Amino acid sequence: MIIDPILPQGPSITHHEIEHVTSACATGWNMNSGSYISAFRQTMARITGQKHSLALSSCTGAMHIALNALGLKPGHEVLVPDLADFAVAASVTYCGAIPVFCDVDPDTLCLSAEDAARKITPNTRGLIAVHLYGQPCRMTPLMELAAQNGLFVLEDATQGMGSSYNGRPAGSFGHFAAFSFKGNKSVVAGEGGMLLTSDDLLFDRAARLAAGGRSPGNPFVYDFIGFNYSISDLQAALGFAQISRLDDLIAKKKKIHSWYRERLADTPGIRLNPLPQDSQPSFLTNLLFIDDQNIPRSKMIMQLHASNILAEPAYFPISSMPMFKEAQTPVAYAASVKTVCLPSGHNRTEEEVDYICAAIRQLLTEPGRDKAEVPPSGWLKYKSDTLEFFAEAKKHGFSIPFEHNGHSYALKAVTAADIQDAELIKKIARWREESSIAFLTRTTVTEESMRQILNNYITAVRDYILFFITEGEHLYGQVGLNDFAFHKHECCIDGLYIEGHAPKGLAAAACETIFTWAEKSLNIINIFNHVVASNKKVRLLAAAQGFREISRTALYREEIPGGEIFRPMYMPGHDTPDEYLLICKKTLSSSNTPGTE
């Protein structure tokens, strides 16, 4: 391995000092050994079998630090796969070095050792092996190639988490391994990265770089210019919670893949992720390889989107981007236009996979279709029927009568006709002005803004049904249902408002009416209530109706055009939250609805 040292030379720091530097890098020199950051690092080291770990802000930062610790300099070259996340090549350029794009193996779409060998020059210093879409690289030929040519190996093992090659986990082969915890990964922390190695000297260098170049003996003295790629304790806590259930998450991924493989077996013109004998993929993403040249990938994706299936293209070759020169990587270029990423999230259900596969088969046998027309089953049919009912109710009207203190009232579904009622819009504007505390978004109240909000409820938000609480022609308030988790038979009560002069107990009666209707007509089992803590009236009403508080979230106010919004995340400049959101739950029935999970 060729390493040009970039750090000051002299006696190596001790492992105790390394740990001190690592902690400093991650927490600003204040974190103790019992922190989530420490637990997260230790768990990742155990999973990969690596000796040392650094918890960082991103995988990009981890690769940047690794390449610097490996001595990468301007003019050096690094072999990278042409099919990968753009950050792989970007991290090389951050060092002033040159990414040399190599082709990929046609089955795994991972770096081809054969093509990489052809592109080694006297300036080549290393290679980056990217475990793509849950499929591990064939590491034996890559490690042999590196050893024969004195090259370093950096693994981008992000998408390979939970996979293995020849019995060894992805991330256990290279001089460094980097992971990301952002986006659609198996382990998600919102953001964050991890850098691992078993080499004491490399860890020494990486830890000092990640600590900004601080002296291990004095945090106010800097020995050289390093980097600030710190991870927060909150991100580490999320990552640690997720990584602790990695086996369950990977098992679900494998189960989802088995459903796809079973339903698409022997379908002409396509194939799924390979199952090499030397590998155990984690199936982060289920890939649909289109082998039939008469099936255009772009059209297939459009047809699937029209069928309410969120399919996506595979990576485009990095060398096709305008800042690079197109490489001779024919396999990568061919795969980029003939591969589809199928929905693969952990929450995919068997019924969803049934629908997706039936749609794919129909589109392959009837290519002239604009979209698939597959009758849904199970909870998907329940969802379809419910949304169709909502659409009809919001178009033609729907009313739920109820009695309260000897008077007749009704919950009247808000329809498109209500948007045109000028007097009604004025009334809603007055309600909003009087009860802004009940809403997470405080928009400037005008007749036009209220008309836009009402129009959104009617036309744009499919799983939202809003009711007016009425007595004859008189309106006393409103209440709605939204945020349906159809496969769990759950939803939220939303937008409750009752006028101050309304008959006593009317709000409770209206709520109980909508709960009974939701249970009997919509098969709802659990209903949630999101209450702004300062809205004491609604909090008391929720408690009286049997809602129990299950969590509370700090809300921070942010100015937006036309008003303000409260977000459940820290906003710069805020030391304390402006509000708290209380999340409450009520079980409507003790019996299990058929088809629930």
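Colleague: In which loop is the place of Phe283, and is this residue buried or exposed?
Modeller: In this predicted model, Phe283 has its place in the loop between strand 13 (279-280) and strand 14 (286-290), and its phi is near 55°, a positive value in a residue other than glycine. The cut-off for burial is under 20% relative accessible area. Because the relative accessibility of Phe283 is 6%, this residue counts as buried.

Colleague: What is the phi of Leu109, and what relative accessibility makes this residue count as buried?
Modeller: Leu109 lies in the loop between strand 3 (98-102) and helix 5 (113-118). Its phi is near 65°, which is a positive value in a residue other than glycine. Leu109 counts as buried because its relative accessibility is 1%.

Colleague: Is helix 3 parallel or oblique to helix 4?
Modeller: The axes of helix 3 (residues 59-69) and helix 4 (residues 86-94) come within 9 Å and cross at roughly 40°. Angles under 35 degrees would count as roughly parallel and those of 65 to 115 as roughly perpendicular. The crossing angle therefore makes helix 3 oblique to helix 4.

Colleague: Which residues make the contact in this crossing, and how many of them are nonpolar, polar and charged?
Modeller: Helix 3 passes helix 4 in a right-handed crossing. The contact is made by Thr60, Met63, His64 and Leu67 of helix 3, together with Ala87, Val88, Ser91, Val92 and Tyr94 of helix 4. By class, the contact of helix 3 with helix 4 has six nonpolar, three polar and no charged residues.

Colleague: Which residues touch the most other members of the largest nonpolar core, and which helix gives the largest share of this core?
Modeller: The largest nonpolar core has 70 residues, of which Tyr260, Val340, Ile360, Leu411, Phe467 and Leu481 touch the most other members. The largest share of this core, ten residues, comes from helix 16 (residues 506-522).

Colleague: With which residues is Val340 in contact, leaving aside its neighbours within four places in sequence?
Modeller: Val340 is one of the residues that touch the most other members of the largest nonpolar core. Leaving aside those sequence neighbours, Val340 is in contact with Asn286, Leu287, Leu288, Ile290, Arg297, Met300, Ile301, Leu304, Ala311 and Glu312.

Colleague: What percentage of the residues in the protein is buried?
Modeller: The protein has 17 helices and 26 strands, and its C-alpha trace spans about 90 × 65 × 45 Å along the principal axes. Among contacts between residues at least 6 apart in sequence, 67% join residues at least 24 apart. Of the 597 residues in the protein, the buried ones make up 54%.

Methods
Residues are numbered from 1 along each chain as its sequence is written. This is a predicted model: local features need pLDDT of at least 70, side-chain atom pairs count only at pLDDT 80 or more; totals for chains, interfaces and linings use all residues. Side-chain values use heavy atoms; hydrogens and water are left out. Axes are lines fitted to C-alpha atoms, for helices over the stretch in contact, and angles run from 0 to 180 degrees between N-to-C directions. Helices (H or I, at least four residues) and strands (E, at least two) are DSSP runs, numbered from the N terminus. Angles under 35 degrees count as roughly parallel, over 145 as roughly antiparallel, 65 to 115 as roughly perpendicular and the rest as oblique. A crossing is left-handed if the near helix is turned anticlockwise from the far one by less than a right angle, and right-handed if clockwise. Contact means heavy atoms within 4.5 Å. Ala, Val, Leu, Ile, Met, Phe, Trp, Tyr, Cys and Pro count as nonpolar, Asp, Glu, Lys and Arg as charged, and the others, Gly among them, as polar. A nonpolar core is a set of buried Ala, Val, Leu, Ile, Met, Phe, Trp, Tyr and Cys residues joined through side-chain atoms within 4.5 Å. Buried means under 20% relative accessible area, exposed over 50%, partly exposed in between (1.4 Å probe, protein chains only).
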